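This report goes through one structure by way of its backbone outliers, its ligand shell and its helix contacts. The sequence and the coordinates come just below.

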Amino acid sequence: MARPKIALIGAGQIGGTLAHLAAIKELGDVVLFDISEGTPQGKALDIAESGPSEGFDGSFKGTNDYADIAGADACIVTAGVPRKPGMSRDDLLGINLKVMKSVGEGIKAHAPDAFVICITNPLDAMVWALQQFSGLPAEKVVGMAGVLDSARFRHFLATEFNVSMRDVTAFVLGGHGDTMVPLVRYSTVAGIPLPDLIDMGWTTQERLDAIVQRTRDGGAEIVGLLKTGSAFYAPATSAIEMAEAYLKDQKRLLPCAAWVDGALGLNGFYVGVPTIIGAGGVERIVDIKMNADEQAMFDKSVAAVKGLVEACKGIDSSLA
Ligand code: APR
């Protein structure tokens with residue numbers, strides 16, 4: 001059987017890391033697309049040349065022509081600009097919306113059967129716009145945010161408890177911004193919920209509150225350290241986890257920015273929710289029950305994303 005074809009739209013920091021991870025994991029043949037001439041070609045060749053030492057097979061092609069993504073099984077979109085220190089993800093809206101229009105049209109014309117994962121920020125509004133511009137079925141267009149935010153939360157919790165991060169599960173839902181919702185009650189160490197771990201004396205409410213806030217600020221913390229761009233290793237790894245779930249029909253339960261129509265009190269809206277990802281794309285939205293506090297945080301996050309979606313409609317009348 002032919003190897004799956006993975007198209008990476010954007011060959012910058014995250015795009016290059018995605019290509020390298022896809023190579024090492026032998027997920028399929030990779031096409032790296034970018035408007036910058038030479039960048040995707042150089043990164044594709046560099047990665048291909050690491051194959052003999054690492055020991056992977058696969059073809060790696062860099063291109064500036066959308067025709068080369070034809071027939072892709074999965075597309076991961078990082079095209080656009082990242083933030084600089086002092087900027088919020090929302091500051092990127094105008095410029096990245098235009099990028100989503102050209103990317104959406106490229107995918108629609110050349111890879112309409114692909115499962116599309118958007119990483120470009122501000123995430124929830126951009127994945128909505130990408131779905132609109134591409135016209136692909138909503139269950140085939142998702143945003144990567146919750147896996148990353150949950151991974152950051154899991155890392156901080158594992159460090160706090162001095163346990164393997166493999167045994168820490170965590171859920172961060174809502175929009176990928178300052179209002180994201182780390183769900184403490186649904187986060188566990190090997191099944192023991194965080195509130196129980198406070199009762200057991202493993203941590204305190206104050207320390208847990210600080211970890212929750214650090215998770216919300218996780219992207220900004222990296223931007224502040226790097227100064228010239230934003231995080232790329234963990235975002236790329238998170239998106240590869242999602243792509244693998246689709247390509248291998250793993251039925252993973254992952255928090256993703258997905259189109260929600262009729263669950264969690266939402267009627268037709270893109271935001272971070274628990275999903276099942278398998279060969280059908282988003283096969284199910286998991287309609288978890290939230291308590292009053294959690295619901296209030298989720299509603300606030302949804303309202304923030306709604307504001308960005310309205311701003312997109314104001315910028316591009318074809319979205320209205
Ligand atoms: N079509 C294709 N590629 C584009 C386009 C476009 N219209 N516009 C810009 N690009 C390319 C750039 O040439 C660059 O190579 O997108 C790439 C972005 O790479 P980086 O600047 O290195 O940004 P990166 O760190 O990879 O982040 C990309 O993901 O997490 C988000 O906020 C982040 O929106 C940003 C995106």
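K227 counts as exposed, because 8 C-beta neighbours fall inside 10 Å, and a residue with 12 or fewer is classed that way. The model under discussion is predicted. K227 sits in the loop between α9 (218-226) and α10. Its phi is near 70 degrees, a positive value in a residue other than glycine.

E26 is another non-glycine residue with a positive phi, here about 50 degrees. The loop between α1 and β2 holds E26. With 12 C-beta neighbours inside 10 Å, E26 counts as exposed.

K84 belongs to the loop between β4 (74-77) and α4. K84 has 14 C-beta neighbours inside 10 Å and therefore counts as partly exposed. In sequence K84 and V223 are 139 residues apart, yet their C-alpha atoms are 6.5 Å apart in space.

A further backbone feature is the cis peptide bond that joins N121 and P122, with omega about -5 degrees. P122 is placed in the loop between β5 (115-118) and α5 (123-134).

**The ligand shell**

N121 also takes part in the surroundings of the ligand. There are 29 residues around the ligand, and G12, Q13, I14, A79 and N121 come nearest. Two or more residues of this shell are given by each of the elements α1 (13-24) and α4 (93-110). The largest contribution is that of α4, with four residues. Sorted by class, the shell around the ligand has 13 nonpolar residues, 14 polar residues and two charged residues.

**A buried strand residue**

What surrounds L32, and is L32 buried or exposed? L32 is part of strand β2 (residues 29-33). It has 28 other C-beta atoms within 10 Å and is therefore buried, the threshold being 20 or more. Leaving aside residues up to four places away in sequence, L32 touches L8, A11, G15, A19, P40, K43, A44 and G62. S230 lies 198 residues from L32 along the chain, and the C-alpha atoms of the two are separated by 20 Å.

**Helix contacts**

Three helix pairs are set out here with their angles and axis distances.

| Helix pair | Angle | Axis distance |
|---|---|---|
| α6 (residues 146-161) and α10 (residues 233-247) | about 120 degrees | 8 Å |
| α4 and α11 (residues 292-315) | roughly 70 degrees | within 11 Å |
| α1 and α10 | about 50 degrees | 9 Å |

At about 120 degrees, α6 and α10 are therefore oblique to each other. Their crossing is right-handed. On the α6 side the contact is made by V147, L148 and A151, and on the α10 side by A234, P235, S238, E241 and M242. These residues divide into six nonpolar, one polar and one charged.

The axes of α4 and α11 cross at roughly 70 degrees, which means that α4 is roughly perpendicular to α11. The crossing of α4 and α11 is right-handed. L93, G94 and L97 of α4 make this contact with L308, A311, C312 and I315 of α11. By class the contact of α4 with α11 has six nonpolar residues, one polar residue and no charged residues.

For α1 and α10 the angle is about 50 degrees, so α1 is oblique to α10. Here too the helices pass in a right-handed crossing. The α1 residues I14, T17, L18, L21 and A22 meet Y233, P235, A236, T237, A239 and I240 in α10. The contact of α1 with α10 divides into nine nonpolar, two polar and no charged residues.

Some names recur across these topics. I14 is among the residues that come nearest to the ligand, and I14 also meets α10 as part of α1. P235 of α10 is in the contact with α6 and in the contact with α1. For α4, the element that gives the most to the ligand shell, the contact with α11 includes L93.

Note on methods:
Residues are numbered from 1 along each chain as its sequence is written. This is a predicted model: local features need pLDDT of at least 70, side-chain atom pairs count only at pLDDT 80 or more; totals for chains, interfaces and linings use all residues. Axes are lines fitted to C-alpha atoms, for helices over the stretch in contact, and angles run from 0 to 180 degrees between N-to-C directions. Angles under 35 degrees count as roughly parallel, over 145 as roughly antiparallel, 65 to 115 as roughly perpendicular and the rest as oblique. A crossing is left-handed if the near helix is turned anticlockwise from the far one by less than a right angle, and right-handed if clockwise. Two residues are in contact if their C-beta atoms, placed from the backbone, lie within 7 Å. Ala, Val, Leu, Ile, Met, Phe, Trp, Tyr, Cys and Pro count as nonpolar, Asp, Glu, Lys and Arg as charged, and the others, Gly among them, as polar. A residue is near a molecule or strand if its C-beta atom, placed from the backbone, lies within 6 Å of it.
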